[in-house]
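Please open the model in your viewer and keep the selection panel at hand. The stops below go from charged pairs to a lysine, a helix and a surface patch.

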Amino acid sequence: MEELVALCKRRGFVFQAGEIYGGLQGIYDYGPLGVELKNNLKAAWWRSMVYERDDVEGLDSAILTNPKVLRYSGHEETFADPLVDCRSCKSRWRADHLNGAGCPRCGSRDLTEPRPFNLMFKTNVGPVEDGSSFAYLRPETAQSIFTNFKNVLDATSRRLPFGIAQIGKAFRNEITPRNFVFRMREFEQMELEFFVAPGEDEQWHERWVDERLRWWQEQGINGNNLELFHVPGEELAHYSKATVDVMYRFPHGVEELEGIANRTDFDLGSHTKGQDDLDISATVISNDDANARLAVQDQVAKRWTVPYVIEPSAGVDRGVLAVINEAYEVERLPSGNERTVLSLKPHLAPIKAAVLPLKRNHEGLVEKARAVKRMLMKLGLGRIVFENTGNVGKGYRRNDETGTPFCITVDFETLDDDTVTVRDRDTMAQDRIAIGALGDCLKERLA
Ligand code: ATP
């Protein structure tokens, strides 16, 4: 983990937020390369969840949340972790992380009884600060998918099964944020709420577990480092009938990367309750009542049902940590030297190709290299950089470390015959390729 943290800082993936003022615990910023990697991971998720399917719509909802939403969802009452205080050194810990041991800081066994600590952040909305006008920062993106259920349904005329996908920030006042971007207080989630007919939920749950395992492997995660954890009944969240966690072998241990929960009709049912005093246990519902309900109508039977929901919920930041960890390698070369390489999948690489003129500031080479960059940019492959440093060997090593799949060197031969050297990050092989063929070559190799 220390090596990854150091690499992330050195190369501009992740910084501690507000570092010059001592930072804030559990809060991080993404640097120039981190933002690209994170965006690429989110784009890959969106592509597979929304674009490649015909049964999912997207959403981007607000972070500030009306307290009623989180009251009816059950979060005000139950979204808490067990907190214990160490009476000796006054530190605070999550009881379920101590595994019966003493205080991790001073070793004392003089700990208070665990008490629930609500993880939601509150903030004031508007100029009145008397506590009557507060809002929560959402602790998960899911709730606004439920509260928008009817809006999306009406706007798209969807029928079951269908899903609503959302990527966005979530906030939890974690008792002990730690392990770099694994456990943060401000983080990002990629959540799908997939609505199905009651009775079809268990089958869909299994399908989503398989699908999500497959997807993580497509992001470059070795299947041997992934495992499934069937959350035991007593540990289930208040809304869940069954949860399967996708666990990943992080540098600090095997922990949750994504949770796939069968949330039943708990949320849509709860928000329906929050709207008025409908008889929510009724299976036959009048059309008048239906307008207020978060329900769908069975076109044939003319009956209204509150759908069940399967929720694959993944952490973007945990995903970033996992793909970096998988890709990171320090290789010993035949020359005896070492090289650090980040073998990220090309679609995740922050920079797709670096174009390097052999000699710094050489007019002909620089002009040609810029033209190559412009030509490649037009292909829409992602970020292509022009690096006018004049030290190609160093450029290769730096780009290996940041995961750039290809370096393209423009040298004096280029000026004669319009060919460039394409150097492959993983094999370090160098091919001479005509500039005219470069676009197709990269498109194929980056696919
Ligand atoms: P944990 O048990 O590790 O606290 P959780 O079960 O509370 O996690 P969920 O509520 O299932 O997490 O959230 C879904 C996903 O959001 C998690 O699988 C994880 O990837 C991500 N996530 C949750 N909490 C955090 C956090 N504090 N920092 C970063 N990512 C998080």
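A salt bridge is taken here as a side-chain nitrogen of Lys or Arg within 4 Å of a carboxyl oxygen of Asp or Glu. The model is predicted, so local features are reported only at pLDDT of at least 70 and side-chain atom pairs only at pLDDT 80 or more, whereas totals for chains, interfaces and linings use all residues. Residues are numbered from 1 along each chain as its sequence is written, and side-chain values use heavy atoms, with hydrogens and water left out.

**The whole chain**

Begin with the full protein chain, whose C-alpha trace spans about 80 × 65 × 50 Å along its principal axes. Its secondary structure comes to 14 helices and 24 strands, these being DSSP runs numbered from the N terminus, with helices (H or I) of at least four residues and strands (E) of at least two. Of the 447 residues, 50% count as buried; buried means under 20% relative accessible area, exposed over 50%, and partly exposed in between, with a 1.4 Å probe and protein chains only.

**Charged pairs**

A search of the whole structure finds 34 salt bridges. Select Arg94 and Glu174, whose side chains meet in one of them at 3.7 Å, N to O. This pair links distant parts of the chain, 80 residues apart, with Arg94 in strand E6 (residues 92–94) and Glu174 in the loop between strand E10 (162–171) and strand E11 (186–196). Arg94 counts as buried because its relative accessibility is 11%, and Glu174 likewise counts as buried, at 5%. Extend the selection to Asp81, Asp96 and Arg183, since salt bridges that share partners join Asp81, Arg94, Asp96, Glu174 and Arg183 into one network.

Move next to Asp267 and Arg263, where the side chains form a salt bridge of 2.9 Å, N to O, and where both residues are buried. For a pair in another setting, select Glu76 and Arg71, whose closest N and O atoms are 2.9 Å apart in a salt bridge; Glu76 is partly exposed, with a relative accessible area of 26%, and Arg71 is partly exposed at 42%.

**Lys352**

Now select Lys352, in the loop between strand E19 (338–342) and E20. What is the nearest side chain of opposite charge to this buried lysine? It is Glu36, 7.5 Å away, and Lys352 has no salt bridge; for such charges Lys and Arg count as positive and Asp and Glu as negative, while His and the chain ends are not counted. A polar atom of the Lys352 side chain does lie 2.8 Å from the backbone oxygen of Pro346. Displaying contacts (heavy atoms within 4.5 Å) brings up the surroundings of Lys352, including Asn40, His347, Arg383, Thr404 and Phe406.

**Helix H12**

Continue to helix H12 (residues 392–402), in which the buried residues include Val392, Tyr396, Asn399 and Asp400. At the start of H12, a side-chain oxygen of Asn391 reaches to within 3.4 Å of the backbone nitrogen of Gly393. At the other end, H12 is followed by Gly403, with a positive phi near 85°.

**A surface patch**

Finish with Leu358, Phe412 and Leu415, which form a nonpolar patch on the surface with about 240 Å² of accessible area together. Such patches are made of residues with over 30% relative accessible area and no salt bridge, nonpolar side chains (Val, Leu, Ile, Met, Phe, Trp, Tyr) being joined within 5 Å and like charges within 9 Å. Accessible areas come from the Shrake-Rupley method with a 1.4 Å probe, and for residues only the protein chains shown count as cover. Leu358 lies in the loop between strand E20 (353–357) and helix H11 (363–377) and is partly exposed, with a relative accessible area of 35%.

Conventions
Polar contact = N/O pair within 3.5 Å; in protein donor to acceptor, adjacent residues only side chain to side chain. Lists of a residue's contacts leave out its neighbours within four places in sequence.
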